[in-house]
Amino acid sequence: MSTNTATAPAPAPEDEAPAPQRPGKRRRAWDEVPRWQIYFPLGAYLVFTLIPFYWILLFALREPGSTSLVPWPMTFEHFEKVWTERSFGTYFENSVYVGLATLVMTTLVALAGGYALARFNFKIKRAFMLALLCSQFVPGALLLVPLFQIFAELQMINSLGSVIIAETVFQLPLSMILISGFIRNVPYSLEEAAWVDGCNRLTAFRVIVLPMLRPGLIAVGSFAFVHSWNHFLFALMFLSNQDKQTIPVGLNSLMSADSVDLGALAAGGIIAAVPVVIVFAFIQKWLITGFSAGAVKG
């Protein structure tokens with residue numbers, strides 16, 4: 001006698017979760033993009049960016065009165081004119097002095113203030129940070145009159161020191177915020193270990209923390225130098241003698257209400273731009289590392 005055994009139906013297969021995409025597949029999908037879709041917009045942007053620089057070089061290197069679109073025959077007459085007749089040699093020295101002094105003062109004060117913000121807790125810390133951030137929204141032109149009165153009382157008008165102090169004060173808020181972010185990325189346990197070994201706070205900071213802040217210090221210092229190098233307003237208001245003026249004021253003196261010497265103006269612009277380009281060409285590695293490190297929340 002045979003018995004029929006009922007067979008239970010097989011359970012329905014559950015929905016399978018999608019397999020995670022492998023990096024190789026993503027890379028292959030990127031490789032399938034036509035190269036012209038990448039290079040064409042980059043090339044168009046590069047041409048759009050370089051045309052103004054070529055135009056400046058054209059006016060600076062071609063002969064006076066020439067309308068050629070190629071600077072040939074090439075001449076350096078405009079550079080000699082602005083460097084000797086227009087006192088750009090003096091302007092250049094003053095700008096270098098102001099830029100380096102602003103760099104040193106901003107870096108030192110921001111280093112001390114940034115360490116205090118990163119390592120100490122005090123009651124008005126949040127309010128102080130908010131005040132630093134809000135100060136970035138105040139235009140420098142708004143404070144020209146009170147600053148002028150202060151420097152006049154201190155007998156610092158027509159002195160490079162007034163420009164250096166003003167530039168340093170306006171650079172400090174952002175520099176302190178950036179430096180505090182760099183210091184927060186340094187583990188506090190490293191300083192504590194140095195204290196256990198017998199170092200005081202200052203020695204531990206100099207030996208342990210300071211070497212790790214090199215990219216951040218370069219980023220902050222370069223930012224302060226470039227801003228003071230290019231800033232026009234403070235030098236125009238606080239400096240009246242020609243032998244005290246900086247490159248931005250010197251460039252402005254090349255333009256008058258009646259005419260503009262385009263060749264001399266282009267040569268002066270190149271003289272003003274080349275040192276900054278050279279500096280950034282050497283420190284770009286540290287600059288990118290410093291800003292990316294400061295962007296990470298500690």
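## Exercises on an all-helix model

Lys 125 touches Leu 117, Phe 120 and Arg 184 (contact means heavy atoms within 4.5 Å), leaving out residues up to four places away in sequence. The structure is a predicted model: local features need pLDDT of at least 70, side-chain atom pairs count only at pLDDT 80 or more, and totals for chains, interfaces and linings use all residues. Residues are numbered from 1 along each chain as its sequence is written, and side-chain values use heavy atoms, with hydrogens and water left out.

**Exercise 1. Place Lys 125 and state whether it is buried or exposed.**

Step 1. Find the element. Lys 125 lies in helix H5, residues 125–135. Helices (H or I, at least four residues) and strands (E, at least two) are DSSP runs, numbered from the N terminus.

Step 2. Check accessibility. Lys 125 has 16% relative accessibility. Buried means under 20% relative accessible area, exposed over 50%, and partly exposed in between, with a 1.4 Å probe and protein chains only. Lys 125 therefore counts as buried.

**Exercise 2. Describe the make-up of the chain.**

Step 1. Count the elements. The chain has 13 helices and zero strands.

Step 2. Look at burial. Of its 298 residues, 34% count as buried.

Step 3. Look at contact range. Take the contacts with a separation of 6 or more: residues 24 or more positions apart account for 73% of them.

**Exercise 3. Compare the record with the model over two annotated segments.**

Step 1. Read the record. An unreviewed UniProt entry places "transmembrane region" at residues 36–61, 96–118, 130–151, 163–183 and 260–283. UniProt positions are given in the numbering used here, feature names are shortened, and annotations may be inferred rather than shown by experiment.

Step 2. Take residues 163–183. This stretch is 100% helix and 0% strand. Its end C-alpha atoms are 29 Å apart.

Step 3. Take residues 260–283. Here the chain is 92% helix and 0% strand. The end C-alpha atoms are 35 Å apart.

**Exercise 4. Describe how H4 packs on H7.**

Step 1. Choose the descriptors. Two packed helices are described by the angle between their axes and the distance between the axes.

Step 2. Read the values. H4 (residues 88–119) and H7 (residues 160–184) pack at about 40 degrees, with axes 6 Å apart. Axes are lines fitted to C-alpha atoms, for helices over the stretch in contact, and angles run from 0 to 180 degrees between N-to-C directions.

Step 3. Sort the contact residues. The contact of H4 with H7 has 17 nonpolar, nine polar and three charged residues. Ala, Val, Leu, Ile, Met, Phe, Trp, Tyr, Cys and Pro count as nonpolar, Asp, Glu, Lys and Arg as charged, and the others, Gly among them, as polar.

**Exercise 5. Which residues does Ser 95 contact?**

Step 1. Locate it. Ser 95 is found in H4.

Step 2. Check burial. Ser 95 is buried, at 3% relative accessibility.

Step 3. List the partners. Leaving aside neighbours within four places in sequence, Ser 95 contacts Trp 229, Thr 246, Ile 247 and Pro 248. Trp 229 is one of the buried residues of H10.

**Exercise 6. Work through H9 and H10.**

Step 1. Start in H9, residues 201–212, with Ala 204. Ala 204 is buried, with a relative accessible area of 0%. Beyond four places in sequence, it touches Glu 191, Ala 194, Trp 195, Cys 199 and Val 209.

Step 2. Gauge H10, residues 214–230. This helix has 17 residues and reaches 24 Å from first C-alpha to last, close to the 24 Å expected at 1.5 Å a residue. The expected span is 1.5 Å times one less than the number of residues. H10 is mostly covered, with twelve of its 17 residues buried.

Step 3. Join the two. The axes of H9 and H10 come within 4 Å and cross at roughly 60 degrees. Leu 210, Pro 211 and Met 212 of H9 meet Arg 214, Pro 215 and Leu 217 of H10. The contact residues divide into five nonpolar, no polar and one charged.

**Exercise 7. Where does Gln 155 lie, and where does Asn 158 lie?**

Step 1. Place both. Gln 155 is in the loop between H6 (144–153) and H7. Asn 158 lies in the loop between H6 and H7.

Step 2. Read phi. For Gln 155, phi is near 55 degrees, a positive value in a residue other than glycine. For Asn 158, phi is near 65 degrees, also positive in a residue other than glycine.

Step 3. Compare accessibility. Gln 155 is exposed at 75% relative accessible area, whereas Asn 158 is buried at 19%.
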